[in-house]
Amino acid sequence: MTTRDLGFVALFAALIVALGLVPAVPLAGLPVPITLQSAGVMLAGLLLGPKRGTAAVAVVIALVGLGFPVLSGGRGGLAVWVGPTAGFLFGWLAAAFVAGTVAMRLDTEAHAPGVRLAGLIGGAILGGIVVLYAFGIAWLTFGAGFAFPKAFVGSMTFLPGDIAKALIAAFVTAQVRRAFRLERK
Amino acid sequence: MIDGLGSTGTTPLHRLPAGVKLAGLAVIATVLFVVREPMVLTAVAAAAIAVALSTGRGVAATARDLALPLGLVAAIGAVEWGLGDGEVAACVVPRLVALLFLAHAVTLTTSTAELAETFEAGLAPFERLGLIDAGRAALTLTLAIRFVPLIVEEAREIREAQAARGLSIRPTALIVPLVVRVLVRAEEVADAIDARGFPPNKNSNM
């Protein structure tokens, strides 16, 4: 890992934290304060690639364990590492990795613009929703002892928001890459 | 904003070793999420605010540092209360307030160099196992902590600039310029680190 990679990993970890601290856009008709933190995780994979994206998430998870209030709304501490939602936290590693791998394959010069955008959206959804929810629901069921239907239905309430965030992450990636040349790795 | 953090000082918290502060923060953060007594949590939150103010940062500056996350905590509390979960709100709000002020007190009173050294010492066992390069991993953690307030500040600036120009505040309109600024700054930071020859790359995996 070069110093440049170290800089990208550290500052993207800081970006993921910052996105969880800034009250995001008030969405009409939605009473819950939404942050774009999970969009930041998808972005880390989509923009930096699987290795560096996963490393940025690992830094955030380490800061959680150290007790820094880095998760959305200021949560943090080792309790989160072992709490009922720990699967969604550690699942971020796989989410960034999968999103980054898909983006690296499909968002290249070799593909048509439509394929590239579809690759970014697909990567964000596959990593940030399918894979992430698999980890999250598995831990809710086997680690925290919730009945599977309850864990599944409870998690699904976050689906509309997460689909919106996957779309945001994909469009942001496409726009940022027009302004900043960055190779994925 | 960043230069105000990790500044030098002589308060008791400044003199406490960084390792003690980090260990204390980790323990308190863990305990806070197990405690479900609103009275106890409120007392801890009050103590945390007192600790943060003992750093000499001043009430106005501290309030400005934490305005955005505190606004979010207030919103979370309002939602819980609105859902008829007054008891949950009475626990969640003081718990998050306590954690925010305590962590802020740690970053306010610990220099970047001290933070990096402490992380490096803590990560040394993992380096001996050949898992990571402790120096570079510690630098990555330290940089991440240092740059959070700066990025929050930049997000606020972008939003204010766009509001002033009458642009709608769509999520992509905020994040695209923010991410570009973060990437540019990451390259500047990397160049600055290389120019100082730190840390030596030991050719091991991060």
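1. Let's start with two helices in chain A of this predicted model. Helix H1 (residues 3-21) of chain A and helix H2 (residues 37-48) of chain A have axes that come within 7 Å and cross at roughly 155°. Because angles over 145 degrees count as roughly antiparallel, H1(A) is roughly antiparallel to H2(A).

2. Which hand does the crossing have as H1(A) passes H2(A)? The crossing is right-handed.

3. Now look at the residues that make the contact. H1(A) contributes A:Phe8, A:Phe12, A:Ile16, A:Val17, A:Leu19 and A:Gly20. From H2(A) come A:Gln37, A:Gly40, A:Val41, A:Leu43, A:Ala44, A:Leu47 and A:Leu48. Try picking them out in the structure above.

4. What kinds of residues are these? In the contact of H1(A) with H2(A), 10 are nonpolar, three are polar and none is charged.

5. On to chain B. How many helices and strands does chain B have? There are nine helices and zero strands, and along the sequence the pattern reads α-α-α-α-α-α-α-α-α.

6. For a sense of the dimensions, the C-alpha atoms of chain B fill a box of roughly 55 × 45 × 35 Å along the principal axes. Chain B has 206 residues, and 46% of them are buried.

7. The surface is worth a glance too. Chain B has an accessible surface of about 9900 Å², and carbon and sulfur atoms account for 64% of that surface.

8. Finally, consider contacts in chain B between residues at least 6 apart in sequence: 73% of these join residues at least 24 apart.

How values were computed
Residues are numbered from 1 along each chain as its sequence is written. Chains are lettered from A and ligands numbered from 1 in the order in which they are written. This is a predicted model: local features need pLDDT of at least 70, side-chain atom pairs count only at pLDDT 80 or more; totals for chains, interfaces and linings use all residues. Side-chain values use heavy atoms; hydrogens and water are left out. Axes are lines fitted to C-alpha atoms, for helices over the stretch in contact, and angles run from 0 to 180 degrees between N-to-C directions. Helices (H or I, at least four residues) and strands (E, at least two) are DSSP runs, numbered from the N terminus. Angles under 35 degrees count as roughly parallel, over 145 as roughly antiparallel, 65 to 115 as roughly perpendicular and the rest as oblique. A crossing is left-handed if the near helix is turned anticlockwise from the far one by less than a right angle, and right-handed if clockwise. Contact means heavy atoms within 4.5 Å. Ala, Val, Leu, Ile, Met, Phe, Trp, Tyr, Cys and Pro count as nonpolar, Asp, Glu, Lys and Arg as charged, and the others, Gly among them, as polar. Buried means under 20% relative accessible area, exposed over 50%, partly exposed in between (1.4 Å probe, protein chains only). Accessible areas come from the Shrake-Rupley method with a 1.4 Å probe; for residues, only the protein chains shown count as cover.
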